[in-house]
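Subject: Structure for your review

Dear colleague,

Please find below the structure I said I would pass on. My notes on it follow directly after.

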Amino acid sequence: MDFDDTEELGSGARGRQAKLAKSMKAKNKMANQVQITAEQLLREAKERELEVQAAPPKQKISSMAELRDFQLRKRKEYEDNIRKNRTSLHNWIKYAAFEEDQGELFKARSVYERALDVDYRSPSLWIKYAEMEMKHKQVNHARNIFDRAVSILPRVNQFWYKYAYMEEMLGNVAGARQVFERFMEWEPDEQAWHSYINFELRYKELDRARYIYERFVLVHPEPKNWIKYAKFEERNGYLASARQVFERGVEFYGNENPDARLLIEFARFEERQKEHERARFIYRFALDNLPKSEQADIYKAYTVHEKKYGDRGAIESVVISKRRIKYEAELEDNPLNYDAWFDYIRLAEEELASTGQVDDVRRIYERAIACLPPLEEKQHWRRYIYLWIYYALFEELVAGDIPRTREVYQTCLTVLPHKKFTFAKIWLLFAKFEIRQRDVTAARRLLGQALGRCPKERLFRGYIELEIQLREFDRCRRLYEKFLEFSPENCQTWMRFAEFETVLGDLDRARAIYRLAVGQPRLDLPELLWKGFIDFEIEAEEFAKARSLYRELLERTQHVKVWLSFASFEEAHGDGADAARQIYSEADAAMRFGRDPQQRLTLLEAWLEFEKRQAGGDDPDAVDRDPRVRRVAGLMPERATRRRRTDDGGWEEFEELLFPDEQQQPNLRLLSLARRWRRRQQGDGVDLDDDDDDDDEQAEGEDADDDVEEDSDDEEDDTQSPPRPAAGGVDADSP
């Protein structure tokens with residue numbers, strides 16, 4: 001190959017490389033969603049064992065010279081490592097283990113001693129050193145090492161455990177006991193004492209174990225340790241000693257700081273010994289001395305005990321005590337929870353039947369009434385006031401202390417803010433209490449004071465009822481007069497006053513009262529008062545006066561119920577059907593062109609029913625042929641559905657009643673609007689036609705709320721019903 005061929009070949013290779021690089025250029029340089037890290041590559045290589053390391057070759061030593069050479073080489077290696085990092089105990093332990101493997105115990109001891117000079121506070125180093133001596137049965141050397149270790153580091157429990165275990169394995173029980181005694185002088189934790197006790201129990205040394213327990217509960221006087229000591233005595237049959245241990249534990253904590261767990265275990269011990277009275281005494285002692293927060297477990301255990309061994313009364317006593325604790329906790333969180341106070345008081349009163357401790361119930365009542373509501377608003381006092389009521393009733397009915405009951409009522413009246421509000425029930429209960437004590441004067445004085453300070457309807461009524469029961473009718477009249485002066489618009493009071501006079505037989509006075517009542521300018525229930533007045537005259541068979549009252553009432557109101565009642569009265573007590581028919585006719589004439597077509601419809605329906613009844617309701621043919629029935633039926637309206645615009649701009653359908661007699665009248669509404677427009681055109685509302693003005697006033701007075709939109713809406717009605725006449729139209733037949 002000549003030079004030119006070589007040059008041509010080189011240029012061709014370079015061209016191919018450039019073309020390959022151009023074709024291998026990455027089109028998308030964004031990061032891949034799945035990233036592979038170097039750590040993952042190494043982990044996969046390790047898992048697949050791609051890099052297999054060859055094991056070191058095995059070396060066989062065939063002569064003593066080779067062994068010496070190997071030992072020298074290894075010792076030099078360990079010494080070099082120690083010089084590099086003297087504080088690394090790992091190098092020292094490996095060096096000592098090598099010497100131990102070579103059988104050079106003296107050199108291994110030398111290595112351990114050198115290591116202890118470096119770090120004598122390492123427990124693992126001491127233990128390795130001692131284990132080496134024990135492995136090679138160098139007992140004295142091991143004892144010396146343990147003695148040195150426990151002298152230098154006496155708080156490392158592992159040294160003591162290993163030391164005692166070695167002595168026990170060697171059969172040196174006395175030596176092991178001596179090690180434990182030396183260990184106990186340092187007052188170690190509970191596990192060390194238990195290990196010592198278990199050691200003595202393995203050799204049946206109960207007295208020694210008891211002595212260790214005595215020292216143990218003095219060093220660690222926790223309740224669980226006293227319990228373990230007592231159970232040890234019980235397990236070995238020393239019941240008196242076990243009871244004594246429990247008693248010493250209770251005395252150790254005293255009455256001021258007893259422990260619930262210790263007392264529960266003490267009671268259960270007495271249960272196992274069938275000493276149920278002792279157990280009950282322990283439970284009661286716990287309930288009397290423990291704080292409320294720690295009594296839940298005591299009550300639970302006490303309840304279980306009583307269910308097993310107690311009677312019904314004992315079980316109820318435990319349950320009541322448990323509920324008492326619950327209520328105390330609730331009231332401690334919220335002393336204004338009056339429902340909890342009521343439940344607590346009810347519980348105390350139930351317990352009173354068995355204990356007879358009235359003072360306990362009084363103490364709860366006093367605590368309850370001391371929790372005044374935060375605000376002087378009646379809604380906050382409605383529940384609170386019943387605490388005083390129940391307290392007074394308890395003192396009167398249960399305790400039988402009359403002076404104290406009176407004191408409770410008086411104190412309650414002192415607490416109430418009468419200038420803002422009062423409770424009539426307290427005044428009335430206090431007055432009735434005085435009546436039961438046969439002191440009527442005090443009761444009247446009390447109610448008079450109540451009416452003077454804070455008059456209320458209930459106070460007036462209660463006072464009046466009291467005087468009625470005492471048959472003091474003159475006082476009742478005076479009270480009614482005061483009551484009406486206080487509230488003259490109260491129709492119920494007027495009616496009761498009149499009924500009171502009616503019962504006494506003084507009809508003239510009752511009639512005068514009714515007359516005064518209907519003449520009042522303002523009444524809360526005038527329809528009820530008029531009805532009572534009319535019923536009074538009817539019961540007195542004064543039908544003319546009743547008819548006069550109906551006429552007087554119709555001058556004030558044209559309500560359909562008044563007309564119907566008047567017609568019923570005429571039918572029942574007047575001149576019969578003709579008089580009733582005349583009333584129906586007057587009512588229809590009065591309601592024609594009225595603002596409420598529904599009332600006229602109600603009237604016509606009642607009138608039609610009346611005519612059918614008069615025509616003979618059993619015979620339908622006779623009813624249909626009756627001219628009066630047909631005349632009234634001809635007055636019944638038609639129902640037309642119309643549309644009207646709503647406030648939001650939409651349309652709604654409504655039902656309109658179209659009476660036949662109203663449709664025959666001219667539409668004076670449109671005429672009125674035309675005349676009003678004429679006056680505006682001629683200027684400043686000049687009166688051009690008196691007749692027109694009369695018609696305008698009549699139309700505007702009857703229906704001032706209608707507008708032009710109603711007429712336009714009627715024209716758009718799809719039903720094409722005849723237009724409704726203006727409410728202000730005048731009937732030609734009306735007077």
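How many residues lie between S1 and S2 in the hairpin that they form? There are 5 residues between these strands, and Gly 649, in the turn, has a positive phi of about 90°. Strand S1 covers residues 638–645 and strand S2 residues 651–658; the two run antiparallel and are joined by 8 bridges. Across the pair, Arg 645 stands opposite Trp 651 in S2. Please bear in mind throughout that this is a predicted model.

Overall composition

The protein contains 39 helices and 2 strands. Of its 735 residues, 39% are buried. The exposed area comes to about 44,800 Å², of which carbon and sulfur atoms supply 49%. Among contacts between residues at least 6 apart in sequence, 50% join residues at least 24 apart.

Helices H4 and H5

Helix H4 has 13 residues, and the distance from its first C-alpha to its last is 18 Å, close to the 18 Å expected at 1.5 Å a residue. Its buried residues include the aromatic residues Trp 92, Tyr 95 and Phe 98, together with the acidic residues Glu 99 and Glu 100. The buried residues of H4 pack against helix H3 (64–84), H5 and H6. After H4 comes Gly 103, with a positive phi near 80°.

Helix H5 (residues 105–118) has 14 residues, which should span 20 Å at 1.5 Å a residue; the end C-alpha atoms are 20 Å apart, so the model agrees with the expectation. Buried in H5 are Leu 105, Ala 108, Arg 109, Val 111, Tyr 112, Ala 115 and Leu 116. These residues lie on the same side of H5, because they cover an arc of only 160° around the axis. The exposed residues Phe 106 and Asp 117 sit on the face of H5 that is turned away from the buried side. The packing partners of the buried residues of H5 are helix H4 (89–101), helix H6 (123–135) and helix H7 (139–152).

Nonpolar cores

The largest nonpolar core has 103 residues, and Trp 341, Leu 387 and Leu 529 have the most contacts inside it. Helix H18 (residues 338–355) gives the most to this core, with 9 residues. Another core lies apart from it and has 73 residues, including Tyr 213, Phe 266, Phe 269 and Phe 285. As a general tendency, nonpolar side chains in soluble globular proteins are buried together.

Leaving aside neighbours within four places in sequence, Leu 529 is in contact with Cys 491, Trp 494, Met 495, Tyr 514, Ala 517, Val 518 and Leu 523.

Two individual residues

Is Arg 511 buried or exposed? Arg 511 has a relative accessible area of 16%, which is under the 20% cut-off, so this residue counts as buried. Arg 511 lies in helix H28 (residues 507–518). Beyond its neighbours within four places in sequence, it is in contact with Phe 533, Phe 536, Glu 537, Glu 542 and Lys 545.

Ser 293 is found in the loop between helix H15 (276–289) and helix H16 (296–309). With a relative accessibility of 67%, over the 50% cut-off, Ser 293 counts as exposed. Its C-alpha atom is separated by 10.0 Å from that of Lys 326, and the two residues are 33 residues apart along the chain.

With kind regards

Note on methods: Residues numbered from 1 in each chain as written. Predicted model: local features only at pLDDT ≥ 70, side-chain atom pairs only at ≥ 80, totals over all residues. Heavy atoms only, no water. Pairing = 2+ DSSP bridges. Helix = DSSP H or I, 4+ residues; strand = E, 2+ residues; numbered from the N terminus. Expected span 1.5 Å × (residues − 1). Buried < 20%, exposed > 50% of the residue type's maximum accessible area, 1.4 Å probe, protein only. Arc of directions from axis to C-beta. Contact = heavy atoms within 4.5 Å. Core = buried A, V, L, I, M, F, W, Y, C linked by side-chain atoms within 4.5 Å. Areas by Shrake-Rupley, 256 points an atom, 1.4 Å probe, with all protein chains shown as cover.
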